[in-house]
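Student: Could we go through this structure together, with a definition set beside each value? I would like to see how each conclusion is reached.

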Amino acid sequence: MPETVRGVDHAGAGIGTPAACPQGRVSLVGAGPGAADLLTLRAARRIAEAEAVVYDRLVGDDVLALLPAGCERYYVGKARGHHSVPQAEIGALLARLAAAGKRVVRLKGGDPGVFGRVGEELAALAATRAEVEIVPGLTAASAAVAAMGIPLTDRAHAQQLRFVTAQLCREQGTPDWAALARRDETLVFYMGLSKVAAICHGLRGAGLPNDWPMMLISHASLPEQQALVGTLADMPARLAESPLPSPCLIVVGSVVAMTHTSPAAPTVMPTSVE
Ligand SMILES: C[S@@+](CC[C@H](N)C(=O)[O-])C[C@H]1O[C@@H](n2cnc3c(N)ncnc32)[C@H](O)[C@@H]1O
(Lines give C-alpha, C1' and ligand atoms only; values in the text may rest on other atoms or scores of the structure.)
Protein backbone atom coordinates (compact mmCIF):
# COMPACT_ATOMS: atom_id res chain seq x y z
CA MET A 1 0.00 0.00 0.00
CA PRO A 2 2.65 2.66 0.87
CA GLU A 3 4.07 2.56 -2.66
CA THR A 4 0.77 3.97 -3.94
CA VAL A 5 1.41 7.20 -1.99
CA ARG A 6 3.96 9.30 -3.81
CA GLY A 7 4.98 11.87 -1.25
CA VAL A 8 4.32 15.59 -1.46
CA ASP A 9 7.10 17.96 -0.44
CA HIS A 10 5.42 19.75 2.47
CA ALA A 11 8.52 21.78 3.28
CA GLY A 12 8.48 23.57 -0.07
CA ALA A 13 4.76 24.26 -0.17
CA GLY A 14 4.15 27.42 1.77
CA ILE A 15 0.87 29.32 1.85
CA GLY A 16 0.29 31.04 -1.49
CA THR A 17 3.15 29.22 -3.23
CA PRO A 18 1.69 26.04 -4.64
CA ALA A 19 4.33 23.48 -5.51
CA ALA A 20 4.62 22.72 -9.24
CA CYS A 21 3.24 19.29 -10.11
CA PRO A 22 3.16 18.74 -13.89
CA GLN A 23 1.94 15.18 -13.41
CA GLY A 24 -0.91 16.36 -11.18
CA ARG A 25 -1.40 16.15 -7.47
CA VAL A 26 -4.26 14.57 -5.58
CA SER A 27 -4.68 15.47 -1.93
CA LEU A 28 -7.15 13.33 -0.01
CA VAL A 29 -8.06 15.98 2.52
CA GLY A 30 -9.99 15.63 5.76
CA ALA A 31 -12.42 18.54 6.03
CA GLY A 32 -13.13 17.86 9.71
CA PRO A 33 -16.61 17.70 11.25
CA GLY A 34 -18.00 20.78 9.52
CA ALA A 35 -16.85 23.97 11.22
CA ALA A 36 -14.28 25.65 8.98
CA ASP A 37 -12.13 26.69 11.93
CA LEU A 38 -11.60 23.02 12.77
CA LEU A 39 -9.71 22.47 9.50
CA THR A 40 -6.00 21.80 9.86
CA LEU A 41 -3.65 24.46 8.46
CA ARG A 42 -2.45 21.97 5.87
CA ALA A 43 -6.00 21.22 4.78
CA ALA A 44 -6.76 24.94 4.48
CA ARG A 45 -3.61 25.39 2.39
CA ARG A 46 -4.51 22.56 0.02
CA ILE A 47 -8.05 23.95 -0.34
CA ALA A 48 -6.71 27.42 -1.12
CA GLU A 49 -4.47 25.95 -3.85
CA ALA A 50 -7.06 23.66 -5.42
CA GLU A 51 -7.74 23.76 -9.16
CA ALA A 52 -10.37 21.03 -8.91
CA VAL A 53 -12.29 19.75 -5.92
CA VAL A 54 -14.24 16.52 -5.58
CA TYR A 55 -16.40 16.62 -2.45
CA ASP A 56 -19.26 14.90 -0.73
CA ARG A 57 -22.23 15.65 1.48
CA LEU A 58 -20.49 16.02 4.80
CA VAL A 59 -18.30 18.90 3.64
CA GLY A 60 -19.82 22.10 5.00
CA ASP A 61 -20.55 25.29 3.08
CA ASP A 62 -18.10 27.27 5.23
CA VAL A 63 -15.32 24.95 4.10
CA LEU A 64 -16.37 25.12 0.44
CA ALA A 65 -16.34 28.92 0.72
CA LEU A 66 -12.55 28.71 1.12
CA LEU A 67 -12.09 27.32 -2.41
CA PRO A 68 -10.51 29.74 -4.86
CA ALA A 69 -12.65 31.35 -7.55
CA GLY A 70 -12.40 29.32 -10.74
CA CYS A 71 -11.80 26.02 -8.95
CA GLU A 72 -13.68 23.24 -10.74
CA ARG A 73 -16.23 21.64 -8.41
CA TYR A 74 -17.48 18.06 -8.60
CA TYR A 75 -20.14 16.97 -6.10
CA VAL A 76 -20.15 13.19 -5.64
CA GLY A 77 -22.28 12.86 -2.49
CA LYS A 78 -25.74 11.50 -2.09
CA ALA A 79 -28.51 13.85 -3.21
CA ARG A 80 -31.92 13.56 -1.55
CA GLY A 81 -33.60 10.42 -2.90
CA HIS A 82 -30.62 9.49 -5.07
CA HIS A 83 -27.64 7.22 -4.68
CA SER A 84 -24.11 8.55 -4.31
CA VAL A 85 -21.81 8.48 -7.31
CA PRO A 86 -20.35 4.93 -7.42
CA GLN A 87 -16.88 4.66 -5.90
CA ALA A 88 -15.38 3.43 -9.18
CA GLU A 89 -16.58 6.60 -10.93
CA ILE A 90 -15.07 8.78 -8.21
CA GLY A 91 -11.74 7.01 -8.60
CA ALA A 92 -11.87 7.44 -12.38
CA LEU A 93 -12.71 11.14 -12.00
CA LEU A 94 -9.76 11.70 -9.66
CA ALA A 95 -7.43 9.88 -12.03
CA ARG A 96 -8.69 11.92 -15.01
CA LEU A 97 -8.28 15.26 -13.22
CA ALA A 98 -4.79 14.29 -12.05
CA ALA A 99 -3.82 13.20 -15.57
CA ALA A 100 -4.78 16.70 -16.73
CA GLY A 101 -2.02 18.01 -14.42
CA LYS A 102 -4.35 19.71 -11.93
CA ARG A 103 -3.98 20.22 -8.21
CA VAL A 104 -6.92 18.11 -7.13
CA VAL A 105 -8.43 18.12 -3.66
CA ARG A 106 -10.61 15.18 -2.71
CA LEU A 107 -12.48 16.68 0.25
CA LYS A 108 -14.03 14.28 2.73
CA GLY A 109 -15.82 14.90 6.00
CA GLY A 110 -13.87 14.23 9.18
CA ASP A 111 -10.67 12.27 8.73
CA PRO A 112 -10.36 10.65 5.30
CA GLY A 113 -8.93 7.51 6.90
CA VAL A 114 -11.92 6.90 9.20
CA PHE A 115 -14.73 5.17 7.30
CA GLY A 116 -13.75 7.29 4.31
CA ARG A 117 -13.05 4.67 1.60
CA VAL A 118 -9.57 6.07 1.12
CA GLY A 119 -8.17 2.65 0.22
CA GLU A 120 -10.33 2.43 -2.89
CA GLU A 121 -9.30 5.92 -4.01
CA LEU A 122 -5.61 5.19 -3.45
CA ALA A 123 -6.03 2.06 -5.53
CA ALA A 124 -7.66 4.05 -8.33
CA LEU A 125 -4.76 6.51 -8.30
CA ALA A 126 -2.03 3.88 -8.15
CA ALA A 127 -1.91 3.61 -11.93
CA THR A 128 -1.48 7.36 -12.44
CA ARG A 129 1.75 9.36 -12.21
CA ALA A 130 0.18 11.92 -9.89
CA GLU A 131 1.58 12.88 -6.52
CA VAL A 132 -0.82 11.52 -3.93
CA GLU A 133 -1.08 12.44 -0.28
CA ILE A 134 -3.43 12.05 2.66
CA VAL A 135 -4.08 15.16 4.74
CA PRO A 136 -5.65 14.06 8.05
CA GLY A 137 -8.66 15.78 9.54
CA LEU A 138 -10.48 15.91 12.84
CA THR A 139 -12.77 12.90 12.98
CA ALA A 140 -16.39 13.40 14.08
CA ALA A 141 -15.86 11.46 17.32
CA SER A 142 -13.23 13.92 18.57
CA ALA A 143 -15.37 16.91 17.67
CA ALA A 144 -18.53 15.42 19.13
CA VAL A 145 -17.21 14.68 22.60
CA ALA A 146 -15.31 17.96 22.72
CA ALA A 147 -18.53 19.80 21.92
CA MET A 148 -20.12 18.04 24.90
CA GLY A 149 -17.24 18.97 27.19
CA ILE A 150 -15.99 15.44 27.77
CA PRO A 151 -13.04 13.32 26.58
CA LEU A 152 -13.13 10.11 24.56
CA THR A 153 -11.02 8.28 27.13
CA ASP A 154 -10.44 8.86 30.83
CA ARG A 155 -8.31 7.07 33.38
CA ALA A 156 -11.31 6.46 35.62
CA HIS A 157 -13.80 5.58 32.90
CA ALA A 158 -12.40 4.18 29.68
CA GLN A 159 -8.99 2.77 28.93
CA GLN A 160 -9.96 1.70 25.47
CA LEU A 161 -11.64 3.34 22.53
CA ARG A 162 -13.36 1.70 19.60
CA PHE A 163 -14.76 3.23 16.41
CA VAL A 164 -17.41 1.01 14.86
CA THR A 165 -19.40 1.38 11.67
CA ALA A 166 -23.04 0.68 12.44
CA GLN A 167 -23.32 -0.58 8.88
CA LEU A 168 -22.10 -3.80 10.52
CA CYS A 169 -25.68 -4.23 11.69
CA ARG A 170 -26.75 -4.47 8.06
CA GLU A 171 -24.05 -5.72 5.75
CA GLN A 172 -22.16 -8.36 7.68
CA GLY A 173 -24.85 -9.86 9.86
CA THR A 174 -24.98 -9.44 13.61
CA PRO A 175 -22.14 -7.57 15.27
CA ASP A 176 -20.21 -9.39 17.98
CA TRP A 177 -22.12 -7.72 20.82
CA ALA A 178 -20.25 -9.67 23.50
CA ALA A 179 -16.95 -8.23 22.26
CA LEU A 180 -18.41 -4.71 22.11
CA ALA A 181 -20.12 -4.77 25.53
CA ARG A 182 -17.17 -3.69 27.70
CA ARG A 183 -17.31 -1.37 30.71
CA ASP A 184 -13.73 -0.14 30.33
CA GLU A 185 -14.22 1.18 26.81
CA THR A 186 -15.78 4.07 24.91
CA LEU A 187 -17.66 2.86 21.86
CA VAL A 188 -18.35 5.26 19.03
CA PHE A 189 -20.75 4.21 16.31
CA TYR A 190 -20.59 6.02 12.97
CA MET A 191 -23.49 5.86 10.49
CA GLY A 192 -25.82 4.48 13.16
CA LEU A 193 -28.79 6.81 13.44
CA SER A 194 -31.23 4.23 12.10
CA LYS A 195 -29.66 1.48 14.24
CA VAL A 196 -30.01 3.03 17.70
CA ALA A 197 -32.61 0.54 18.94
CA ALA A 198 -30.59 -2.41 17.60
CA ILE A 199 -27.42 -1.12 19.26
CA CYS A 200 -29.16 -0.64 22.62
CA HIS A 201 -30.77 -4.06 22.39
CA GLY A 202 -27.51 -5.76 21.37
CA LEU A 203 -25.39 -4.21 24.11
CA ARG A 204 -27.97 -4.82 26.84
CA GLY A 205 -28.38 -8.39 25.67
CA ALA A 206 -24.62 -8.85 25.94
CA GLY A 207 -24.55 -7.68 29.56
CA LEU A 208 -24.25 -3.90 29.74
CA PRO A 209 -26.69 -2.50 32.34
CA ASN A 210 -29.89 -0.70 31.42
CA ASP A 211 -28.57 2.56 32.91
CA TRP A 212 -25.31 2.46 30.91
CA PRO A 213 -24.67 6.01 29.57
CA MET A 214 -25.14 6.82 25.91
CA MET A 215 -25.43 9.96 23.84
CA LEU A 216 -26.28 10.96 20.30
CA ILE A 217 -24.79 14.06 18.71
CA SER A 218 -26.04 15.46 15.44
CA HIS A 219 -24.11 18.01 13.34
CA ALA A 220 -21.26 18.17 15.85
CA SER A 221 -19.33 21.45 15.71
CA LEU A 222 -21.97 23.21 13.58
CA PRO A 223 -24.53 25.83 14.68
CA GLU A 224 -27.34 23.26 14.29
CA GLN A 225 -25.62 20.81 16.68
CA GLN A 226 -28.03 18.89 18.93
CA ALA A 227 -27.48 16.16 21.47
CA LEU A 228 -29.49 13.61 23.41
CA VAL A 229 -28.00 12.17 26.58
CA GLY A 230 -29.54 9.10 28.16
CA THR A 231 -29.06 5.39 28.72
CA LEU A 232 -29.19 2.16 26.77
CA ALA A 233 -32.69 1.58 28.13
CA ASP A 234 -34.25 4.94 27.39
CA MET A 235 -32.44 6.22 24.29
CA PRO A 236 -34.78 4.68 21.67
CA ALA A 237 -37.76 6.42 23.32
CA ARG A 238 -35.87 9.70 23.68
CA LEU A 239 -34.95 9.60 20.02
CA ALA A 240 -38.54 8.81 19.00
CA GLU A 241 -39.68 11.81 21.03
CA SER A 242 -36.93 14.17 19.78
CA PRO A 243 -35.68 12.89 16.41
CA LEU A 244 -32.22 14.06 15.41
CA PRO A 245 -31.09 14.64 11.83
CA SER A 246 -28.13 13.00 10.12
CA PRO A 247 -25.13 13.12 10.36
CA CYS A 248 -25.26 11.77 13.86
CA LEU A 249 -22.74 9.98 16.04
CA ILE A 250 -23.49 7.53 18.87
CA VAL A 251 -21.21 7.43 21.91
CA VAL A 252 -21.62 4.66 24.49
CA GLY A 253 -19.63 4.46 27.70
CA SER A 254 -19.23 5.84 31.17
CA VAL A 255 -17.33 8.91 29.87
CA VAL A 256 -20.80 10.13 28.84
CA ALA A 257 -21.68 10.43 32.54
CA MET A 258 -18.97 13.11 32.78
CA THR A 259 -21.38 15.51 31.04
CA HIS A 260 -23.07 15.74 34.50
CA THR A 261 -20.06 17.40 36.08
CA SER A 262 -18.08 18.88 33.19
CA PRO A 263 -17.74 22.67 33.35
CA ALA A 264 -17.31 22.57 29.54
CA ALA A 265 -20.58 20.71 28.87
CA PRO A 266 -23.25 22.76 27.12
CA THR A 267 -25.86 24.02 29.57
CA VAL A 268 -28.78 23.57 27.19
CA MET A 269 -29.56 20.20 25.65
CA PRO A 270 -32.83 19.03 24.11
CA THR A 271 -33.38 16.54 26.94
CA SER A 272 -32.11 16.69 30.48
CA VAL A 273 -29.26 14.52 31.74
CA GLU A 274 -30.61 12.25 34.46
C1 LIG B 1 -19.03 7.84 6.08
S2 LIG B 1 -18.77 8.28 7.76
C3 LIG B 1 -17.43 9.39 7.56
C4 LIG B 1 -16.69 9.68 8.84
C5 LIG B 1 -15.63 10.74 8.69
N6 LIG B 1 -14.59 10.31 7.77
C7 LIG B 1 -15.02 11.15 10.03
O8 LIG B 1 -13.84 10.89 10.26
O9 LIG B 1 -15.74 11.75 10.83
C10 LIG B 1 -20.15 9.34 8.03
C11 LIG B 1 -20.61 9.33 9.49
O12 LIG B 1 -19.75 10.15 10.28
C13 LIG B 1 -20.48 10.73 11.34
N14 LIG B 1 -20.34 12.18 11.27
C15 LIG B 1 -19.62 12.88 10.37
N16 LIG B 1 -19.65 14.20 10.63
C17 LIG B 1 -20.43 14.34 11.73
C18 LIG B 1 -20.85 15.45 12.49
N19 LIG B 1 -20.48 16.71 12.20
N20 LIG B 1 -21.66 15.23 13.57
C21 LIG B 1 -22.05 13.98 13.90
N22 LIG B 1 -21.66 12.89 13.21
C23 LIG B 1 -20.87 13.06 12.14
C24 LIG B 1 -21.93 10.24 11.20
O25 LIG B 1 -22.08 9.09 11.98
C26 LIG B 1 -21.97 9.93 9.72
O27 LIG B 1 -23.00 8.98 9.45
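Student: Why is the ligand said to lie between domain 1 (2-135) and domain 2 (140-260)?

Tutor: Both domains give residues to the shell around the ligand, so it lies between them; the domain bounds themselves come from an automatic or database domain assignment. Please keep in mind that this is a predicted model, in which local features need pLDDT of at least 70 and side-chain atom pairs count only at pLDDT 80 or more, while totals for chains, interfaces and linings use all residues. Residues are numbered from 1 along each chain as its sequence is written.

Student: What makes a residue near the ligand, and which of the 23 residues around the ligand come nearest?

Tutor: A residue is near a molecule if its C-beta atom, placed from the backbone, lies within 6 Å of it. Of the 23 residues around the ligand, the nearest are Gly110, Val114, Thr139, Ala140 and Ala220. Helix H5 (140-147), strand E8 (213-218) and strand E10 (248-252) each supply at least two residues of the shell, where helices (H or I, at least four residues) and strands (E, at least two) are DSSP runs, numbered from the N terminus.

Student: Why is strand E9 (residues 226-231) called largely enclosed?

Tutor: A residue counts as buried if 20 or more other C-beta atoms lie within 10 Å of its own, as exposed if 12 or fewer do, and as partly exposed in between, with C-beta atoms placed from the backbone. Five of the six residues of E9 are buried, so the strand is largely enclosed by the rest of the structure. Across the 274 residues of the protein chain, 41% count as buried.

Student: How do you know that E8 and E9 pair?

Tutor: Two strands pair if DSSP finds at least two bridges between them, and E8 and E9 have six bridges in the antiparallel sense, with Met215 standing opposite Val229 in E9. Strand E7 (residues 185-190) and E6 also pair over six bridges, in the parallel sense, and here Gln160 stands opposite Glu185 in E7.

Student: What makes E6 and E9 edge strands?

Tutor: The open sheet of five strands has the order E6-E7-E10-E8-E9, with mixed pairing. Strand E6 (160-165) and E9 each have a single partner strand, so one side of each is left without a neighbour in the sheet. From one strand to the next, the twist averages 15°, an angle taken between N-to-C directions on a scale from 0 to 180 degrees, with axes fitted to C-alpha atoms.
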